[in-house]
Every structure is written in C-alpha cells, then in structure tokens.
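Good morning, and thank you for attending. Today I should like to guide you through a single protein chain, with attention to its interior spaces and its surface.

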Amino acid sequence: MARAQAQAQAPYRCIECNSEAYELHRDYSNGILKITICDSCQKPVDKYIEYDPVIILIDAILCKIQAFRHIIFNTKINIHGKLCVFCLLCEAYLRWSQIQGTEQSSDPADIIRYTKEWDFYGMFGLAALELGVFLGGVLAFLWLAQGFLKSSLELPMLLKALLLSSYGKLLLIPAVIWEHDYSPLCFSLIKLFVLTSNSQAIRVILNCSRRLSLLAVFVGLMFETCAAVASQRLQSSMLDVLLFQ
C-alpha cells in the first residue's frame with residue numbers, strides 16, 4: 001500500500017511547509033479522528049479541518065498563507081467560475097453607477113433612460129476584458145520566469161487560485177451603497193487588497209518568493225491599465241466620429 005501511495009500523486013498539501021500529503025486525518029474506530037502529522041515539518045498537515053469556516057474566512061482575509069493553502073489544495077471548492085462572474089458584475093455595477101451619476105436628464109422620456117441597461121452590459125464587457133488582460137499579463141510573466149520557479153507552472157490551478165483570490169471585489173457593492181466622501185479611497189484600498197490576495201495566491205501555487213509574486217501582479221496590473229486606457233481612447237474616438245457625422 002505504501003508503494004502504491006508513493007507512485008500516486010499526493011492529493012493534499014501541508015499548510016505549513018507545502019509538502020505533499022496523502023491524507024489530512026485518520027479515522028479510527030468509534031468515530032475517533034486524528035490529524036495527520038507532516039513528515040517534513042512535524043506539524044499538523046491541515047489544522048483548519050477542525051476550525052469553523054468563519055475563522056478560516058478571517059484568516060483568508062488577513063492573507064495568511066496557511067489559509068490560502070487550505071482553501072486551494074485541501075478543499076474541493078469549485079466556485080471560482082461563479083465567483084468570477086459575480087465579481088465582474090460588482091465591478092460593472094460600480095462603473096455603471098458612476099456613469100449614471102454624471103448623467104442628468106430632465107426629460108423622463110429621454111432616450112438615455114432606455115440605453116442604461118446597454119451601458120451596464122458594456123461595463124461588464126470592459127471589466128471582463130481588463131480581467132482577461134490582467135490574467136494574461138500575469139501568466140505571460142510567470143511563463144517567461146519559469147527558470148526562477150521552484151515548481152512547474154500549472155495554468156489551471158493558477159487561474160483557479162487567482163480567481164478565488166479576487167473575492168475582495170465583492171466589497172465594491174457595499175462601498176457603492178454606502179457612498180460617502182471617502183469612496184475613492186475605499187475603492188483604492190479594495191483594489192490594493194485584491195492585488196495582495198492575488199500575490200499570495202501565486203506564492204501558494206508556485207511556492208515562490210514574495211518578490212516574484214508581487215512583480216507578476218505588478219506586470220499584470222500594467223497590462224490591465226494599458227488596456228483600460230486604450231479602451232477609453234477608443235470610446236472617445238468613436239464618440240467624436242458619431243458627433244461629427
């Protein structure tokens with residue numbers, strides 16, 4: 001049995017040292033469970049299996065690398081796709097609300113009232129485009145920096161981790177609802193929190209240094225900023241053409 005385990009890929013990871021593990025706990029008779037001890041660091045492989053989900057969420061918000069390893073490697077969470085769509089909806093709603101706040105019309109039958117829904121769809125597409133460019137920039141940089149990585153580049157796992165670590169964008173909705181004078185500062189802090197979580201997710205997946213993960217996120221942010229500026233200029237050019245026709 002030990003030989004079969006050695007040949008099979010370990011399905012879990014130690015949250016302390018990132019070593020591979022074949023089990024998180026052992027189930028003895030009479031319902032007695034014993035947490036598995038890591039062979040490398042002599043610590044519990046995953047202490048979070050005994051923790052309340054609220055505590056795990058708090059540690060994830062604090063960007064603790066152990067909590068990230070537990071969520072990414074030792075759980076079967078497959079909500080990254082739905083979470084990505086919901087985060088894009090939050091970001092699209094933020095941009096859409098800012099556009100509507102600058103538009104004023106005294107005529108209730110104004111045609112702008114009927115185009116607001118299409119404006120929201122446009123903001124959703126723009127947010128999706130910028131997210132795709134950000135992810136593409138991060139992956140391209142890490143692909144070029146494979147010589148500095150301690151582990152192989154697993155694109156599906158890395159994409160899943162990056163999408164899961166973008167959960168901070170959900171804070172955009174309460175920031176819009178409770179609008180106040182410090183809203184721009186709140187949006188900037190939320191963006192910084194999301195980028196920090198993305199950096200931590202890269203460290204967890206690739207087991208790389210903090211400097212390399214921060215650099216990867218910075219490159220992705222540069223690509224995203226360039227895409228946003230290019231899209232704004234394209235919109236302005238198209239608007240000028242329509243006005244002068």
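I begin with the character of one lining. By class, the residues around the largest cavity comprise four nonpolar, two polar and three charged ones. Please keep in mind throughout that this is a predicted model.

Which residues are these? The largest cavity is lined by L131, F134, S166, K169, K191, V194, L195, N198 and E224. Two elements, α5 (112-144) and α8 (183-206), each give two or more residues to this lining. The largest share, four residues, is supplied by α8. As for its volume, the largest cavity holds about 70 Å³.

How does one find such a space at all? Rolling a probe the size of a water molecule over the atoms reveals where empty space is left.

How many cavities of 30 Å³ or more does the structure hold? There are two. The second largest has a volume of about 40 Å³. Around the second largest cavity we find C84, C87, L131, L163, S166 and K169. By class, that lining consists of four nonpolar residues, one polar residue and one charged residue. If you compare the two lists, you will find L131, S166 and K169 in both.

Let me now place these spaces within the whole chain. The chain has nine helices and four strands. Along the sequence, the order of elements reads α-β-β-β-β-α-α-α-α-α-α-α-α. The chain comprises 245 residues, of which 38% count as buried.

We turn next to the surface. Here V85, F86, L89 and L170 make a nonpolar patch of about 310 Å². Where is L170 found? L170 sits in the loop between α6 (155-164) and α7 (172-177). Is L170 buried or partly exposed? L170 counts as partly exposed because its relative accessibility is 30%, and the partly exposed class lies between the limits of 20% and 50%.

A second leucine invites the same reasoning. L159 is located in helix α6. L159 is likewise classed as partly exposed, because its relative accessibility is 30%. We may also ask what separates L159 from I202 in space. Although these two residues are 43 residues apart along the chain, their C-alpha atoms are separated by 9.4 Å.

To close, I would ask you to remember two items from this predicted model: the largest cavity, to which α8 gives four lining residues, and the nonpolar surface patch that includes L170. Thank you for your attention.

Terms used:
Residues are numbered from 1 along each chain as its sequence is written. This is a predicted model: local features need pLDDT of at least 70, side-chain atom pairs count only at pLDDT 80 or more; totals for chains, interfaces and linings use all residues. Side-chain values use heavy atoms; hydrogens and water are left out. Patches are made of residues with over 30% relative accessible area and no salt bridge: like charges are joined within 9 Å, nonpolar side chains (Val, Leu, Ile, Met, Phe, Trp, Tyr) within 5 Å. Accessible areas come from the Shrake-Rupley method with a 1.4 Å probe; for residues, only the protein chains shown count as cover. A salt bridge is a side-chain nitrogen of Lys or Arg within 4 Å of a carboxyl oxygen of Asp or Glu. Buried means under 20% relative accessible area, exposed over 50%, partly exposed in between (1.4 Å probe, protein chains only). On a 1 Å grid over the protein atoms alone, a cavity is a set of points where a 1.4 Å probe fits but cannot get out, and a pocket is an open set with protein on both sides within 12 Å along at least five of seven lines; lining residues have an atom within 4 Å of a point. Grid points are joined across faces, edges and corners, and a volume is the space filled by probe spheres set on the points. Ala, Val, Leu, Ile, Met, Phe, Trp, Tyr, Cys and Pro count as nonpolar, Asp, Glu, Lys and Arg as charged, and the others, Gly among them, as polar.
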